[in-house]
Amino acid sequence: ETWERIERIAQQHADFAATIAAHPNVAQVRQRGTILALELRTAEDSSYFNSIRDRLNRYFMEQRVLLRPLGNVVYVLPPYCISAEQLERVYEVLRGAIKQLGNG
């Protein structure tokens, strides 16, 4: 059962990555199994100290989704017990954050 969940999460990540990779605010999408990393395009260099981190962190907290950006890179490492619907909510919040980058 655990391996089925891992496969589902990896496939959901791949599907989401395919839909978001071409967005102008996304510099790069990387995936390794159940780990997804989104590098967001900003005026600053890519770095753990990129100032977008604070805006993203506030946004994720307001949306009640626990994601901790490292600079302009957001890693999604869901637990294997996450449901498809819960993971889709994470993607919805990520889409909102990516969209807001163009507005501020």
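**Figure 1. Leu 67, a buried residue with a relative accessible area of 7% in this predicted model.** Buried means under 20% relative accessible area, exposed over 50% and partly exposed in between, calculated with a 1.4 Å probe on protein chains only. Leu 67 belongs to the loop between α2 and β3; helices (H or I, at least four residues) and strands (E, at least two) are DSSP runs, numbered from the N terminus. Beyond neighbours within four places in sequence, Leu 67 is in contact with Asn 57, Phe 60, Val 74, Tyr 75, Val 76, Val 90 and Leu 94, where contact means heavy atoms within 4.5 Å. One of these partners, Val 90, is 23 residues from Leu 67 in sequence, and the C-alpha atoms of the two are 8.6 Å apart in space.

Residues are numbered from 1 along each chain as its sequence is written. In this predicted model, local features need pLDDT of at least 70 and side-chain atom pairs count only at pLDDT 80 or more, totals for chains, interfaces and linings use all residues, and side-chain values use heavy atoms, with hydrogens and water left out.

**Figure 2. Overall arrangement of the protein, with 3 helices and 3 strands.** Along the sequence, these elements follow the pattern α-β-β-α-β-α. The C-alpha trace spans about 45 × 25 × 20 Å along its principal axes. The radius of gyration is 13 Å, which agrees with the value near 13 Å for a compact globule of 104 residues; the radius is taken over C-alpha atoms, and the globule rule is 2.2 Å times the number of residues to the power 0.38. Of the 104 residues, 38% are buried. Among contacts between residues at least 6 apart in sequence, 56% join residues at least 24 apart.

**Figure 3. The largest pocket, with a volume of about 200 Å³.** The residues closest to the centre of this pocket, out of the 13 that line it, are Leu 66, Pro 78, Pro 79, Ile 82 and Val 90. On a 1 Å grid over the protein atoms alone, a pocket is an open set of points where a 1.4 Å probe fits, with protein on both sides within 12 Å along at least five of seven lines; lining residues have an atom within 4 Å of a point. Grid points are joined across faces, edges and corners, and the volume is the space filled by probe spheres set on the points. Strand β3 (73-76) and helix α3 (84-101) each supply at least two lining residues, and α3 gives the most, with 3 residues. By residue class, the lining divides into 10 nonpolar, 1 polar and 2 charged residues. In this classification Ala, Val, Leu, Ile, Met, Phe, Trp, Tyr, Cys and Pro are nonpolar, Asp, Glu, Lys and Arg are charged, and the others, Gly among them, are polar.

**Figure 4. Gln 12 in helix α1 (residues 2-20).** Gln 12 counts as buried because its relative accessibility is 13%. The side chain of Gln 12 reaches the backbone oxygen of Ala 84 at 3.3 Å. A polar contact is a pair of N or O atoms within 3.5 Å; within protein, one must be able to donate a hydrogen and the other to accept it, and residues adjacent in sequence count only if both atoms are side-chain atoms. With neighbours within four places in sequence set aside, Gln 12 is in contact with Ala 84, Leu 87, Glu 88 and Tyr 91.

**Figure 5. Asn 25 in the loop between α1 and β1 (26-32).** At 15% relative accessibility, Asn 25 is classed as buried. A polar atom of the Asn 25 side chain lies 2.8 Å from the backbone oxygen of Ile 98.

**Figure 6. Ala 27 in strand β1.** Ala 27 is partly exposed, with 37% relative accessibility. Apart from neighbours within four places in sequence, Ala 27 is in contact with Glu 39, Leu 40 and Arg 41. Ala 27 and Gln 100 are separated by 73 residues in sequence and by 15 Å in space, C-alpha to C-alpha.

**Figure 7. Two exposed loop residues, Arg 64 and Asp 45.** Arg 64 occupies the loop between α2 (52-62) and β3, and its relative accessibility is 78%. The phi angle of Arg 64 is near 60°, a positive value in a residue other than glycine. Asp 45 lies in the loop between β2 (35-40) and α2, with a relative accessible area of 65%. Asp 45 and Asn 72 are 27 residues apart in sequence, and their C-alpha atoms are 8.9 Å apart.
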